Structures are given as structure tokens and as C-alpha cells.
Amino acid sequence: VLVRNALKDPLADLGQVARAVSLEPLISSKLLRLANSVAYNPYGREVSDISAAVRRLGFDVVRTTALAVALDQMLKSRNVSNYEALATKVWEHSIQVASIARVLARHLGKLNPDEALLAGLVHDIGIFFLLYRAADYPNYQNDPALMHSLLVDWHESIGKNLLQTLGMPSNIVDAVGGHDQPRDISNPSSINDLIYLANLLAGRERKDFPASPSLVDGSPNQLDKDLYADLLEEAADDIRELQQTLAG
């Protein structure tokens, strides 16, 4: 709560955020690992205290890390236990999309990599919320097809409403609210485009997942995926390290 309040306060400075974070061991440990990762420490200048880590990473990454911890805790709650396999798959996918989105943003040079990381991490937050609440409704637990339909139809709008309540930036909220909607991403120019493209590059299949990006009929989406495949291969170590840090 202290971390969330500090991050929502427009007058809070990095010192206040660092003091709030220092009271949360799980968040603190992840922030230190991120601050010393290749993605945020390319020159090998390690930091060992939270204040230095927060200064290096900034508000967006601290917010992303705090949300990663919160979502991981929700994943382990009793309410989600009936859907543990699916929830784990969604979580792993979210981290993968976040890592890919950051690499893409850095490569394109016109979008904020840390905003891309945050948007990727929370783009399927609506699925987590719906799985959590489904524990109160046995009809969903007993009908996989009904549950699948619920997730497909509502995860974007639910996610958007949740992030608005949490006070997330409007561009992040908008990206989450339409991340599976078909679009031409041959020249990504917004966080919305970036998250859609990162979803495609993550290789998720609709038959295995309750919500997947739709392809535009006749669009060069496969060519777009091929265009960025080499980039992802070059950045594989960077992506892997971010995934391990956020998940670990």
C-alpha cells in the first residue's frame, strides 16, 4: 500500500519512493536485480542500495516491479488454485511480452522502453482478476467453455477498468484496453501497436490460450513478425534476463 500510494502521488520524489520500497523485501530484491541487470546496467556499475536502484530505474520500472510482485502473489492465492496451470501460463506469457516490448521500444527509438515493459506486464491483468473472482461462481469452474468465453470477451475491458482504478497512465490503460484488436503493425508508432506486436512475436496460439491477438485479413503480419525475428534473436539474452528477474 505504501509503495502504491507513493507511486500514485504526483508530488512524491524518488527518495520517498525508495523509502516506501525499502519496507517491501520482495520488491526491493527484484529492483536490485533489475538495476544490476544488463538491460539497466550495460557498463557493469553495480548498485547495492535501494535508493541508487530506484534512481537508476525510475518510477515506471518501480511501478512495474511492484505490480509484478502483486500479480505473483495473486497467482499463488487459494482463489486461483483451481486454474493454476492457466494462470501460470498467462503470467509467463505476460513477462515474455513485457520483455519483448521493452526490446522493441528501445530498438525503434520513438517509444519509452519502460512504459512498454509496464504495459506488457499488465496487458492480461484482466485474466488474473477474472480467474480470481471465478472462485465464487461454481458454474464457471464446472464449465471450461463458459470460462474460456468469459476470459475472451471481458479480459480487455476488465483490465482497462482495473488500471484506471490504480491510476495508471492513460497510454498504458488504452494499450491494455485494446491489445488483442487487429491492426497493421508494419510501423509501430504507439504503445498499443507495440503490445500487439509483442503478443504476436511471443508466439501465443489461440487454441491454447483464452485471449490472443487477432490477425488482420490480408495484412503483412507474418512479414512483420519475420522482420523483427532477427532483432529478438540478437536480444535473446536481454529478454531472458528480464524474464528471470521479473519472475524470480
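# A walk through an all-helix model

Among the contacts in the protein with a separation of 6 or more, 65% are between residues 24 or more positions apart. The structure shown here is a predicted model, and the description that follows should be read with that in mind. The protein has 13 helices and 0 strands, so that, read from the N terminus on, its elements run α-α-α-α-α-α-α-α-α-α-α-α-α. Of the 248 residues in the protein, 49% are buried.

A good place to begin is helix α3, which covers residues 25-35 and whose axis comes within 9 Å of the axis of helix α13, residues 236-247, the two crossing at roughly 165 degrees. Because angles over 145 degrees count as roughly antiparallel, α3 is described as roughly antiparallel to α13. The crossing of these two helices is right-handed. On the side of α3, the contact is made by K30, R33 and L34, while α13 contributes L242, Q244, T245, L246 and A247. Sorted by class, the residues in this contact of α3 with α13 comprise 4 nonpolar, 2 polar and 2 charged ones.

Helix α3 also holds L31, a residue that is buried, with a relative accessible area of 1%. When its neighbours within four places in sequence are left aside, L31 is in contact with V21, A53, V54, L57, V61, V62 and T65. From L31 one can move on to T64, which lies 33 residues away in sequence and 9.9 Å away in space, taken from C-alpha to C-alpha.

T64 has its place in helix α4, which spans residues 50-75, and with a relative accessibility of 0% it counts as buried. Not counting residues up to four places away in sequence, T64 touches D114, L117, L118 and L121. One of these residues, L121, appears again among the contacts of S94, and this shared partner leads the reader on to another helix.

S94 is placed in helix α5 and, like T64, counts as buried at 0% relative accessibility. Leaving aside its neighbours within four places in sequence, S94 is in contact with G120, L121, H123, D124 and F128. The last residue named there, F128, also takes part in an aromatic pair, which brings us to the rings of this model.

A pair of aromatic rings is described by the distance of the centres and the angle of the planes. A search of the whole structure finds 2 aromatic pairs. In one of them, W91 and F128 meet edge-to-face, with 6.1 Å from centre to centre and 80 degrees between the planes. This pair links distant parts of the chain, since W91 belongs to helix α5, residues 84-108, and F128 to helix α7, residues 125-134, with their positions 37 residues apart. Both partners are buried: W91 has a relative accessible area of 4%, and F128 has a relative accessibility of 2%.

The other pair is formed by Y137 and Y140, again edge-to-face, at 6.5 Å from centre to centre and with 85 degrees between the planes. Y137 has a relative accessibility of 42% and therefore counts as partly exposed, because that class lies between the limit of 20% for buried residues and the limit of 50% for exposed ones.

How values were computed. Residues are numbered from 1 along each chain as its sequence is written. This is a predicted model: local features need pLDDT of at least 70, side-chain atom pairs count only at pLDDT 80 or more; totals for chains, interfaces and linings use all residues. Side-chain values use heavy atoms; hydrogens and water are left out. Axes are lines fitted to C-alpha atoms, for helices over the stretch in contact, and angles run from 0 to 180 degrees between N-to-C directions. Helices (H or I, at least four residues) and strands (E, at least two) are DSSP runs, numbered from the N terminus. Angles under 35 degrees count as roughly parallel, over 145 as roughly antiparallel, 65 to 115 as roughly perpendicular and the rest as oblique. A crossing is left-handed if the near helix is turned anticlockwise from the far one by less than a right angle, and right-handed if clockwise. Contact means heavy atoms within 4.5 Å. Ala, Val, Leu, Ile, Met, Phe, Trp, Tyr, Cys and Pro count as nonpolar, Asp, Glu, Lys and Arg as charged, and the others, Gly among them, as polar. Rings of Phe, Tyr and Trp (its six-membered ring) pair if their centres lie within 6.5 Å; planes under 30 degrees apart count as stacked, over 60 as edge-to-face and the rest as tilted. Buried means under 20% relative accessible area, exposed over 50%, partly exposed in between (1.4 Å probe, protein chains only).
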